[in-house]
Amino acid sequence: MSTVNGGISFWYAQEGTPAPREPLPGDTTADVCVVGGGYTGLWTAYYLKKAVPFLNIIVLEGKFCGYGASGRNGGWLYNGIAGRDRYAKRHGHDAAVRLQQAMNDTVTEVIKVTADEHIDADIHQGGVLEVAYTPAQLARLKAFHSVEIAFGETDRELLGARATAERVRVTGAVGSTWTPHGARIHPVKLVRGLAATVEALGVTIHESTPVTDIKPKHAVTPYGTVRAPYILRCTEGFTASLKGHKRTWLPMNSSMIVTDPLPPDVWDAIGWTGRETLGDLAHAYTYAQRTADDRIALGGRGVPYRYGSRAATALNADRTHPATIEALRSALTRLFPTLAGTPIAHAWSGVLGVPRDWCATVTLDRSTGLGWAGGYVGSGVATANLAARTLRDLIQQDSGQCGPTDLTTLPWVNHKVRLWEPEPLRWLGVHTLYAAYRTADHRETTTHTPTTAPIATLANRISGRH
Ligand SMILES: Cc1cc2nc3c(=O)[nH]c(=O)nc-3n(C[C@H](O)[C@H](O)[C@H](O)COP(=O)(O)OP(=O)(O)OC[C@H]3O[C@@H](n4cnc5c(N)ncnc54)[C@H](O)[C@@H]3O)c2cc1C
């Protein structure tokens, strides 16, 4: 059987692409205009409408809701947030502990609201299991575990080789860490359910409506302009294609494969009955889930970045490079050699947004009414929900309906970050970074050294990642 390549994602192949909603019919006004119909935009519309039901909210989506990473991701709903350690350095440990606690609560919040709204997104809270299979990974795993405990995650467990195998039999795994603050989801079922819920609440969604320019109080499209006191940019990995934003967030590529459903005897050999989301401690890490219909979906970095932040839209229409599919297949058989020869049903890619300092942010500029959230660096499934509730509070605060809240005072709010370098430095930087990670992983696997390869430490430092 040949592998289906591209076509948005396996999740859409499974669910079918949706019938498009009507584009913007012409110039109009709103109280809030949300640009982008992924998790960030839709959750923001959801919480605002719930808080103030009479608000006139318009969502403008260039393609269709869930076209971006929200319809393509690995389905890890988990408590990781990009930049926490840097926020700790800048705002103090306690502020970062509050941010982490908010992320832990966010996983619970998404599970609760989807249940309340009858959104069936195949959610299963099996926690997150991250495994080490080299001595250097084991050293990083132990350090990572201690850091997470220090940030208040006292329910995180450190597991030895045997306890790891009792959960999932990853070949050569020497240890793992498990946290309950994670769940597997079906990305498209979530984004689609969310769009329908938001619409049923009275939010207007216009699809096939690309915003060509965002200015204070204006979102400009080829079909007309929406004028609103608040314009919220929720375009994540696509932000570089907006006027004036080429160097704001770098569009980074992530690619995935999914197997056919695996038979019971394979699952007997692998275990994974807890359906934890599963990752590793490699520098160029992989992430995986056991789907509701017993496949393995696994992702990792492919071609990380296209020259000139090249249009994310073109990138998303692209097929995944055969070498990337092969790399993901070998990552799969590295974890589970028994799957050598298992057909890969589908391969696809998507883009995520990476800020220069690798820190996620949520902002409302009160002088212009422009807001934005993103830069999640691959940890956006839960973070988008926290961002949305924060944007709600920031808007309510700005319009005098409330004061500062627990969310508006978190350290990632209104964080400023410098722009990425001009080309060719961006391209060179990202490709060098990922080449360094691949070299480091290879070295750690072949030499069995217990220390992280210096090239990876150097790459992290130069890239501004740590
Ligand atoms: C392959 C892959 C795997 C991932 N796996 C995980 C994971 O397992 N766990 C995790 O936490 N995170 C993961 N992520 C990241 C996560 O999916 C994203 O951070 C999250 O979905 C971002 O949601 P968003 O709404 O901000 O952006 P998006 O989902 O990208 O939505 C942006 C929307 O804006 C629209 N848009 C863009 N430009 C315009 C414009 N000019 N006008 C109008 N509309 C526009 C797009 O069409 C798109 O629908 C993954 C990402 C990828 C690509």
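This passage walks through the sheets, helix contacts, ligand shell and unusual backbone angles of one predicted model. Residue numbers start from 1 along each chain as its sequence is written. Because the model is predicted, local features need pLDDT of at least 70 and side-chain atom pairs count only at pLDDT 80 or more, while totals for chains, interfaces and linings use all residues.

A few terms help at the outset. Helices (H or I, at least four residues) and strands (E, at least two) are DSSP runs, numbered from the N terminus. Two strands pair if DSSP finds at least two bridges between them. In general, strands of a sheet pair through backbone hydrogen bonds, either parallel or antiparallel.

We can begin with the sheets. One open sheet has 6 strands in the order 10-4-3-14-21-20, with mixed pairing. Its edges are strand 10 (204-206) and strand 20 (361-365), each of which pairs on one side only. From one strand to the next, the twist averages 15 degrees (axes are lines fitted to C-alpha atoms, for helices over the stretch in contact, and angles run from 0 to 180 degrees between N-to-C directions). Strand 20 runs antiparallel to strand 21 (residues 370-374), and 5 bridges join the two. Within this part of the sheet, T363 stands opposite W372 in strand 21.

Another open sheet is made of 4 strands in the order 2-13-12-11, again with mixed pairing. Here strand 2 (28-29) and strand 11 (213-215) are at the edges with a single partner strand each, so one side of each has no neighbour in the sheet. Strand 11 pairs with strand 12 (residues 218-221) in the antiparallel sense over 3 bridges, and K215 has H218 in strand 12 as its bridge partner.

Strand 6 (residues 128-132) gives a nice view of a covered strand: 5 of its 5 residues are buried (a residue is buried if 20 or more other C-beta atoms lie within 10 Å of its own, exposed if 12 or fewer, and partly exposed in between, with C-beta atoms placed from the backbone). In a regular strand the side chains alternate between the two faces of the sheet. Accordingly, V128, E130 and A132 point one way from strand 6, L129 and V131 point the other way, and all are buried. Strand 6 pairs with strand 8 (residues 175-179) in the antiparallel sense over 5 bridges, with L129 opposite W178. Strand 6 also runs parallel to strand 16, joined by 4 bridges, and D280 in strand 16 is the bridge partner of V131.

Turning to the helices, helix 2 lies across strand 3 (32-35), strand 4 (57-60), strand 14 (230-233) and strand 21, running at about 175 degrees to strand 4. Helix 2 (residues 39-51) also packs with helix 7 (residues 187-200) at an angle of about 35 degrees, their axes being 10 Å apart. In this contact, Y39, L42, W43, A45, Y46 and K49 of helix 2 meet V191, L194, A195, T197 and V198 of helix 7 (two residues are in contact if their C-beta atoms, placed from the backbone, lie within 7 Å). By class, these residues are 9 nonpolar, 1 polar and 1 charged (Ala, Val, Leu, Ile, Met, Phe, Trp, Tyr, Cys and Pro count as nonpolar, Asp, Glu, Lys and Arg as charged, and the others, Gly among them, as polar).

Helix 3 (residues 84-91) and helix 4 (residues 93-116) pack at an angle of about 145 degrees, with axes 7 Å apart. On the helix 3 side, R84, Y87, A88 and H91 meet H93, A95, A96, L99 and Q100 of helix 4. R84 counts as buried because it has 23 C-beta neighbours inside 10 Å. Beyond neighbours within four places in sequence, R84 is in contact with A96, L99, Q100 and F151. The C-alpha atoms of R84 and W412 are 8.3 Å apart, although 328 residues separate them along the chain.

Around the ligand, the shell holds 19 nonpolar, 20 polar and 4 charged residues. Helix 2, strand 15 (250-259) and strand 19 (344-354) each supply at least two residues of this shell.

Finally, most residues other than glycine have a negative phi. E236, in the loop between strand 14 and strand 15, has a positive phi of about 35 degrees. W272, in the loop between helix 8 (264-270) and strand 16 (277-280), has a positive phi near 60 degrees.
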